[in-house]
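Colleague: I would like to go through the labels attached to this model and hear the reasoning behind each of them. Could we take them in turn?

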Amino acid sequence: MSIRKKLLIMDTILIFVLIFISVYLMTYVSTISQNEILKEDLIQSVLNISNTLVDENGNIDIAADINYHNDDIYIAVYKKTDDGEYFITGELPSDSSTPSFKNGDIKEVDGYIYYDYYINISSRNTTYIIRGIKCNTTSINTMLIVVALIILPLLTIASIFISFFIFKNALSPITKLTEEVNYISSTTDITKHINIGSKDITIKSLEESFNQMLDRLNEMFKSEEELTSDISHELRTPLAVILGEGEYALECDDNDERIESLKIILKETNKMIHITNELLEFQRMKNHDSIILEKNDVSYILNEMLIPINDKNIKLIKNIEENVCFDINETLFIEMIQNLLDNAVKYGKENGTITLTLKNNIITVSDDGIGISEEDQQKIFMRFYQVDKSRSNKNSLGLGLSFVSEIARLHKATITVRSKLGLGSKFIIDFNKH
Ligand code: ADP
């Protein structure tokens with residue numbers, strides 16, 4: 001069942017119940033107030049009769065000419081004795097009973113309301129009871145019921161129609177949204193964004209969530225595409241070499257040359273394995289949104305780090321604030337810093353100096369090596385980008401810095417580079433936002 005139908009049914013039931021409850025309450029309140037009026041009338045009539053019967057000297061005149069029956073109210077006078085109460089005068093409804101007497105008491109018995117009022121006549125040493133009786137005519141307001149019976153179905157039908165249009169209008173953005181999503185998924189063009197122009201906050205945030213999801217999917221597809229293209233691009237050269245050397249080895253008669261070709265084939269195959277492993281590792285990391293971070297003594301980890309053995313006589317100087325702890329993934333963190341230190345050695349100058357510092361949650365790795373031009377500084381973090389292949393060693397793939405920037409991203413840290421050609425480079429990782 002559609003949401004619209006469900007809402008419509010719920011709304012109709014709700015309105016029906018509300019109208020029913022209001023009619024019931026109105027009837028109940030009207031009955032109570034009618035009853036109160038009846039009682040007040042009765043008391044007033046009894047008091048009037050008692051005033052007429054008893055004169056200012058306190059004597060009672062039972063024989064007085066009094067109308068004991070007026071407007072559904074009957075008055076009867078009783079004399080109270082030790083043996084009971086005796087009817088003296090007045091009028092009683094033909095079918096009324098004689099419930100027990102009590103001064104000031106008002107009670108309802110068999111459809112009649114009774115009110116007793118005692119008068120003590122001290123001169124006669126007698127107590128008279130004036131009893132008022134009124135038929136309890138309070139009834140459910142039939143007019144109200146009739147009106148309710150006509151109005152109840154009419155209001156319910158009207159509410160169904162009104163609700164139908166309200167819900168249709170309210171749910172139309174969702175219908176539009178569904179159409180847009182269906183359209184996008186049918187075209188497979190996920191670069192599109194959803195915009196149905198609704199001003200409703202809920203719809204807008206739903207739209208935003210959809211668009212964020214599309215962006216994320218788009219990014220993932222793009223990254224997969226890039227990976228495929230990178231793999232084919234990077235593997236093309238070693239494959240061409242393997243093919244050429246293989247053909248040559250087959251045709252060649254010289255055993256030494258054949259062995260040489262096989263060695264080259266082996267070397268290129270190893271290179272291909274290295275490339276695919278590195279790429280898969282990189283992709284695995286890129287597809288991570290988060291990694292497990294734990295509080296670590298970063299100062300201690302940095303103090304333990306070394307530069308690779310090199311023949312350039314490069315020195316490592318450390319300026320590290322003591323006892324600095326923050327959340328890191330130790331393995332990836334070490335891989336990131338080690339990559340920067342390796343590069344600093346690779347592109348450092350003979351007898352040069354590398355400085356590793358930690359201050360205010362900022363780590364810097366600087367060298368006084370060949371430096372990077374401003375134009376290349378924009379590109380060095382891209383996958384496979386190498387400023388000058390001849391300057392990198394044979395195992396270099398141009399993946400190191402893209403690894404470093406991915407690891408920084410996963411730590412929610414930022415990485416920047418400052419460099420001047422011929423003067424050196426400084427890589428800055430800022431952990432303050434993480
Ligand atoms: P590679 O495997 O080529 O070192 P990287 O991704 O680590 O790949 O670096 C990309 C490029 O950035 C390198 O080819 C190099 O030209 C340049 N580069 C990286 N670090 C430094 C540095 N400390 N000094 C000068 N150039 C650097």
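Colleague: Which residues is Gln-377 in contact with, leaving aside its neighbours within four places in sequence?

Modeller: In this predicted model, Gln-377 is in contact with Ile-372, Val-417, Arg-418 and Ser-419 once those sequence neighbours are set aside. Gln-377 itself lies in helix H7, which covers residues 374–377.

Colleague: Why is Gln-377 called buried?

Modeller: Its relative accessible area is 12%, and buried means under 20%, so Gln-377 is classed as buried.

Colleague: What makes H4 and H8 roughly parallel to each other?

Modeller: The axes of helix H4 (residues 255–286) and helix H8 (residues 400–410) come within 10 Å and cross at roughly 20°. Angles under 35 degrees count as roughly parallel, and the two helices are therefore described as roughly parallel to each other. As for the hand of the crossing, H4 passes H8 in a left-handed one.

Colleague: Which residues of H4 meet which residues of H8?

Modeller: From H4 come Glu-278, Glu-281, Phe-282, Met-285 and Lys-286, and they meet Ser-402, Phe-403, Glu-406, Ile-407, Arg-409 and Leu-410 in H8. By character, the residues of this contact of H4 with H8 divide into 5 nonpolar, 1 polar and 5 charged.

Colleague: Why does Cys-135 count as partly exposed, and why does Cys-325?

Modeller: Partly exposed covers the range between under 20%, which is buried, and over 50%, which is exposed. Cys-135 has 28% relative accessibility and therefore counts as partly exposed, and Cys-325, at 42% relative accessibility, is therefore placed in that class as well.

Colleague: How many disulfides does the structure hold?

Modeller: The structure holds 0 disulfides, where a disulfide would require a pair of cysteine sulfur atoms within 2.5 Å.

Colleague: Where is Asn-313 found, and why is Asn-313 called exposed?

Modeller: Asn-313 is found in the loop between helix H5 (298–304) and strand E8 (315–320). Its relative accessible area is 53%, and exposed means over 50%, so the label follows for Asn-313. The backbone of Asn-313 has a positive phi of about 60°, although this residue is not a glycine.

Colleague: What makes Asn-323 count as exposed?

Modeller: At 63% relative accessibility, against a cut-off of over 50%, Asn-323 therefore counts as exposed. Asn-323 lies in the loop between E8 and strand E9 (325–328), and although it is not a glycine, Asn-323 has a positive phi of about 55°.

Note on methods:
Residues numbered from 1 in each chain as written. Predicted model: local features only at pLDDT ≥ 70, side-chain atom pairs only at ≥ 80, totals over all residues. Heavy atoms only, no water. Helix = DSSP H or I, 4+ residues; strand = E, 2+ residues; numbered from the N terminus. Buried < 20%, exposed > 50% of the residue type's maximum accessible area, 1.4 Å probe, protein only. Contact = heavy atoms within 4.5 Å. Axes fitted to C-alpha atoms, helices over the stretch in contact; angles between N-to-C directions. Parallel < 35°, antiparallel > 145°, perpendicular 65-115°, else oblique. Left-handed = near helix turned anticlockwise from the far one by under 90°. Nonpolar A, V, L, I, M, F, W, Y, C, P; charged D, E, K, R; others polar.
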